[in-house]
Amino acid sequence: MAFDAGFCSAVEIGMNDIHMDTHIIRLDRSRPLDEQIEPAARSIRAGGLVAFPTETVYGLGGDALNPESAARIYAAKGRPSDNPLIVHIAAVEDIRKLSSEDSRQLRLAYTLASHFWPGPLTMILDKSATVPDRTTGGLNTVAVRLPSDEAARALIRQSGTFIAAPSANLSGRPSCTTAAHVIQDMDGRVDYIIDGGASVLGLESTIVDLTAEPVTILRPGFITEEMLEDVLGSEVSTNAALLPGDRPRAPGMKYRHYAPRGELTVVRGDREAVRAHIGELAAESDSQGYRTMVIDSGSGDINEYARNLYENLRYADDLNIERIYAAAAPAEGVGVAVMNRLVKAAGGRVIDI
Ligand code: TXA
Ligand code: MG
């Protein structure tokens, strides 16, 4: 495809020039055909980059065992290379090839895998020598995930390797939940984009650190602390906040994330009061001449709010919105993950009423 305006945003944020032909493969994600996937799988084997759908968000994939592929992922994303990548696998047993022999970690990993894989859970384990340092950003741990999306698994299987993939957005932008989002950010920067339609969950996987005692959630998601505790029968802690000055456990946490270009404010409190207050703030912003948008949960369905969050933030950018007011999600279940992303996107700007 030819470059379009989407490429300009990459230049604006100071990224080096990357020029390649991006091919789009459109398929039915529930029934991907081998011959549809094959060109993309071949590209991965040859060190190329393929953006692909997963049940959480689209990923920007390369061969996890090829250090040059990892370097190309960082360049395409404009991501600092100390921010490690998640390694995507297609079979549970592949954990063993990527991780150390630590029996406690393996026991935990197999227990969690039997309940939550394939699915939106990423586990951190001590890594084996098989995993290049480039893939893990120099850490001696590795993040592993077995996605449930059929197209993602077909791509991993057919590539004959493991696929390192961060979310397919340019660094700092909201994650991509449709191929159209990926084209906006990655046209001309990757070899293939597999278009499998909209992601069904819309928020990135839960990340759980199995090297920590107790087991610790580094990024909340659809698999909640309660769900993990139920399965493990032991305490699980959540460490989403990052202490200033500390070496980050999930290095991605130190960068401003998921952010729209406009100023986002989250309003938290009683549902009806929040709705009323957002209405007032939006009206005031409007009257001051700012292009203004409101994000509310509508029906109150938290899964729907989660699924549409990034789409809404990107839509605000498409419309050149300058001020966004979003209703907070309840601090329980999936709401914890929604709030984590919202507050980061807002750069911490939260109004309690
Ligand atoms: O749902 C998802 O997890 C999506 C899809 C594509 O699988 N991927 C994703 O990747 O969200 P990314 O790179 O945008 O976020 C991965 C996060 C980063 O914050 C990174 O710092 C953290 O995982 N991470 C990766 N490896 C780690 C490690 N060894 N230790 C601690 N954190 C790690
Ligand atoms: Mg990301």
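## Briefing: fold, sheets and surface of the protein chain

The protein chain contains 11 helices and 15 strands. The model described here is predicted. Its 353 residues would give a compact globule a radius of gyration near 20 Å, and the chain agrees with this because its own value is 20 Å. An open sheet of 11 strands is one of the elements treated below.

**Overall dimensions and packing**

- The C-alpha trace of the protein chain extends over about 60 × 55 × 40 Å when taken along the principal axes.
- Of the 353 residues in the protein chain, 55% are buried.
- Among contacts with a separation of 6 or more, 71% join residues that lie 24 or more positions apart.

**Surface and charge**

- The protein chain exposes an accessible surface of about 14,600 Å², and carbon and sulfur atoms contribute 50% of that area.
- There are 48 negative and 35 positive side chains in the protein chain.
- The centres of these two charge sets are 3 Å apart.

**The 11-strand sheet**

- The strands of this open sheet follow the order E1-E8-E2-E3-E7-E4-E6-E5-E9-E10-E11, with mixed pairing.
- Strand E1 (23-26) and strand E11 (237-238) occupy the edges; each has a single partner strand, so one side of each has no neighbour in the sheet.
- Within the order, strand E9 (residues 206-209) pairs with strand E10 (residues 216-219) in the antiparallel sense, over 3 bridges.
- Asp-209 is positioned opposite Thr-216 of E10.
- As a general point on such elements, side chains in a regular strand alternate between the two faces of the sheet.

**Pairings of strand E12**

- Strand E12 (residues 263-268) runs parallel to strand E14 (residues 323-327), and 5 bridges join the pair.
- Leu-264 has Ile-324 in E14 as its bridge partner.
- E12 also pairs in the parallel sense with strand E15 (residues 350-352), here over 3 bridges.
- For Val-267, the bridge partner in E15 is Ile-351.

**Ala-345 in helix H11**

- Helix H11 (residues 334-345) includes Ala-345.
- Ala-345 counts as buried because its relative accessibility is 0%, where the cut-off for a buried residue is under 20%.
- Ala-345 and Thr-265 are separated by 80 residues in sequence, while their C-alpha atoms are 9.0 Å apart in space.

Terms used
Residues numbered from 1 in each chain as written. Chains lettered and ligands numbered in written order. Predicted model: local features only at pLDDT ≥ 70, side-chain atom pairs only at ≥ 80, totals over all residues. Heavy atoms only, no water. Helix = DSSP H or I, 4+ residues; strand = E, 2+ residues; numbered from the N terminus. Rg over C-alpha atoms; globule rule 2.2 N^0.38 Å. Buried < 20%, exposed > 50% of the residue type's maximum accessible area, 1.4 Å probe, protein only. Contact = heavy atoms within 4.5 Å. Areas by Shrake-Rupley, 256 points an atom, 1.4 Å probe, with all protein chains shown as cover. Lys, Arg positive; Asp, Glu negative; His and termini not counted. Charge placed at Lys NZ, Arg CZ, Asp CG, Glu CD. Pairing = 2+ DSSP bridges.
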